[in-house]
Structure formats: structure tokens, C-alpha cells
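Work through the exercises below with the model open beside you. Try each task before you read its solution.

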Amino acid sequence: MTDWTFRGFEGAFDAHVREQLPWYELASDAAALIARHYIPKGGLVYDIGCSTGNVGRALAGVLEERQAQLIALDECPDMVRAYQAPGTAICADAATFDYQPFDVAILFLTLMFLPVSQRLKLLAHLRASLKPGGCIVVFDKSVTAPGYEGTVLARLTWHNKLQSGATPHDVAEKEMKLIGVQRPIDRREIDPAIEVFRFADFGGWIITPEINPCPSA
Ligand SMILES: C[S@@+](CC[C@H](N)C(=O)[O-])C[C@H]1O[C@@H](n2cnc3c(N)ncnc32)[C@H](O)[C@@H]1O
């Protein structure tokens with residue numbers, strides 16, 4: 001069994017995420033609506049792990065209206081070539097990219113593909129570059145609940161994949177390919193954060209900067 005890779009997967013990606021994650025449309029729309037609350041006129045937005053540009057397309061209206069800039073990053077050159085959305089797509093490793101001070105960063109189903117040590121550093125770096133009034137939006141798979149409820153949630157995830165047309169073989173094969181490549185996040189890695197979305201093992205969170213309303217005090 002070979003490891004899961006995004007290389008050469010750009011043509012199949014958009015249909016695949018919608019089949020594997022039946023709530024994908026709802027969640028990406030929610031991420032864009034959340035971002036809209038924090039994007040100022042002329043602001044800077046990062047889409048980290050942009051793939052083909054689903055998030056960028058969901059943001060198109062607000063980016064144009066507020067003349068905001070979108071920088072979309074992906075480490076997979078095939079995805080960057082296939083990117084079709086507003087802004088500039090750059091082939092870069094999110095863990096080592098030199099972020100400018102920004103208003104909104106969206107990590108939509110991306111963090112879980114970074115090694116734990118790298119994503120902790122990345123989040124610290126992003127928090128340090130986040131402008132007052134902005135936010136970091138994270139949607140990701142999280143470590144499952146303890147005890148029997150963990151089994152219930154995992155089966156709810158698989159049930160939904162099967163309901164939307166994936167075969168049992170596809171579901172099992174992808175799970176095995178993801179071993180060590182996709183590692184669900186622990187809530188403690190992103191705290192302090194506010195949970196805004198939940199479906200079984202998948203969650204969405206908003207991280208905002210610590211605001212000192214009186215910096216000289
Ligand atoms: C599940 S996809 C993200 C989906 C995308 N945000 C969307 O909603 O259409 C994960 C993406 O993260 C990218 N990725 C994984 N590790 C990365 C890293 N270290 N730096 C940049 N991109 C990375 C992968 O190449 C892949 O395109």
C-alpha cells in the first residue's frame with residue numbers, strides 16, 4: 001500500500017472532496033462567510049493549502065468588493081498549476097513560508113497534512129503575523145472522542161462517505177493510505193480557539209489575536 005499523495009490528483013480533487021466529505025460545500029461556504037467578517041478594505045488574505053482554489057472561489061465576491069488581496073499557497077506543483085480562483089497561487093511549503101502581516105488566514109483541511117512539530121510552529125508564526133481585528137480560520141479532522149463515542153463518530157464519518165457514493169473498498173483503501181500522512185489535530189494545538197463547526201470527527205475553529213485595547217498601559 002503506497003502513501004496518499006496530492007501529486008497528479010488535481011483533476012479528480014474537486015469531485016473527490018465532495019464525495020468523501022458530504023458537508024464540504026456547507027463548510028467551505030461557512031469558512032468564506034466567517035472570513036468575510038474579518039476582511040477589511042484592501043486587506044490581505046492567505047489560503048493555506050489551496051489545492052484547486054475552492055476557498056478562493058468562495059471568497060471571490062468579497063475580495064473584489066473590498067479590493068482585498070488573496071495569496072494562495074500549496075506545496076503541490078500540480079495543484080498550483082490547476083488553481084482557478086482569484087489572487088496569486090504560489091508553490092510553497094506553508095511551514096517555512098515568509099508570511100507578511102495579514103488579516104485572514106484560512107487553513108481548510110490542510111493542517112492535518114503537516115507533521116505535528118511543523119504545524120505548531122506554523123500556528124505560532126501565523127498568530128505572530130495576524131493583524132488586530134483579523135482571524136485565522138481552521139477546518140480540519142480532529143482526534144476522535146474517547147471511549148465508545150469515538151467509534152460512533154468514526155462510523156458516522158464512514159457512513160456519510162458511503163451514502164454519497166464512495167465504495168467500501170475506496171473508503172478502506174484511503175484510510176490505509178492516510179496512515180502517518182494525515183494526522184488529525186488535537187484541540188490543544190490550536191487553543192485558544194472557538195469551535196464554529198462540527199460533523200463527527202471534523203471541526204472548524206476561529207482563532208483571533210489577543211487584543212490589548214490599550215497597548216501603552
Ligand atoms: C485536503 S487539501 C485542501 C483542500 C483545499 N483547502 C480546498 O478546500 O479545496 C490539502 C492541501 O494541502 C496541501 N498541503 C499539504 N501540506 C502542505 C504544506 N506543508 N504546505 C502547503 N500546502 C500543503 C496539499 O498539497 C493539498 O493540496
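**Exercise 1: The shell around the ligand**

By class, the shell around the ligand holds 12 nonpolar, four polar and three charged residues. This is a predicted model.

Task: How many residues surround the ligand, and which are the closest?

Solution. Step 1: count the shell; 19 residues surround the ligand. Step 2: pick out the closest, which are Tyr24, Gly49, Ser51, Asp74 and Ala94. Step 3: locate the site; the ligand sits in the largest pocket.

**Exercise 2: Polar contacts**

Task: Which atoms of aspartate 93, alanine 94 and glutamate 75 lie close enough to a ligand nitrogen to count as polar contacts?

Solution. Step 1: take the cut-off, a pair of N or O atoms within 3.5 Å. Step 2: check aspartate 93; one of its polar side-chain atoms is 2.9 Å from a nitrogen atom of the ligand. Step 3: turn to the backbone. An N or O backbone atom of alanine 94 is 2.8 Å from a ligand nitrogen. For glutamate 75, a polar backbone atom lies 3.1 Å from a nitrogen atom of the ligand. Step 4: look at the cover. On its own the ligand has 610 Å² of accessible area, and the protein covers 97% of it.

**Exercise 3: An aromatic pair**

Task: How are the rings of tryptophan 23 and phenylalanine 202 arranged?

Solution. Step 1: search the whole structure; 13 aromatic pairs turn up. Step 2: take this pair. The ring centres of tryptophan 23 and phenylalanine 202 are 4.9 Å apart and the planes meet at 50 degrees, so the pair is tilted. Step 3: place both residues in the chain. Tryptophan 23 is in the loop between helix 1 (10-20) and helix 2 (24-36). Phenylalanine 202 is in strand 7 (residues 202-207). The pair links distant parts of the chain, 179 residues apart.

Key. Residues numbered from 1 in each chain as written. Predicted model: local features only at pLDDT ≥ 70, side-chain atom pairs only at ≥ 80, totals over all residues. Heavy atoms only, no water. Near = heavy atom within 4 Å. Polar contact = N/O pair within 3.5 Å; in protein donor to acceptor, adjacent residues only side chain to side chain. Areas by Shrake-Rupley, 256 points an atom, 1.4 Å probe, with all protein chains shown as cover. 1 Å grid on protein atoms, 1.4 Å probe; cavity = no way out; pocket = protein on both sides within 12 Å on 5 of 7 lines; lining within 4 Å. Sits in = over half its atoms within 2 Å of the grid points. Nonpolar A, V, L, I, M, F, W, Y, C, P; charged D, E, K, R; others polar. Phe/Tyr/Trp six-rings, centres within 6.5 Å; stacked < 30°, edge-to-face > 60°. Helix = DSSP H or I, 4+ residues; strand = E, 2+ residues; numbered from the N terminus.
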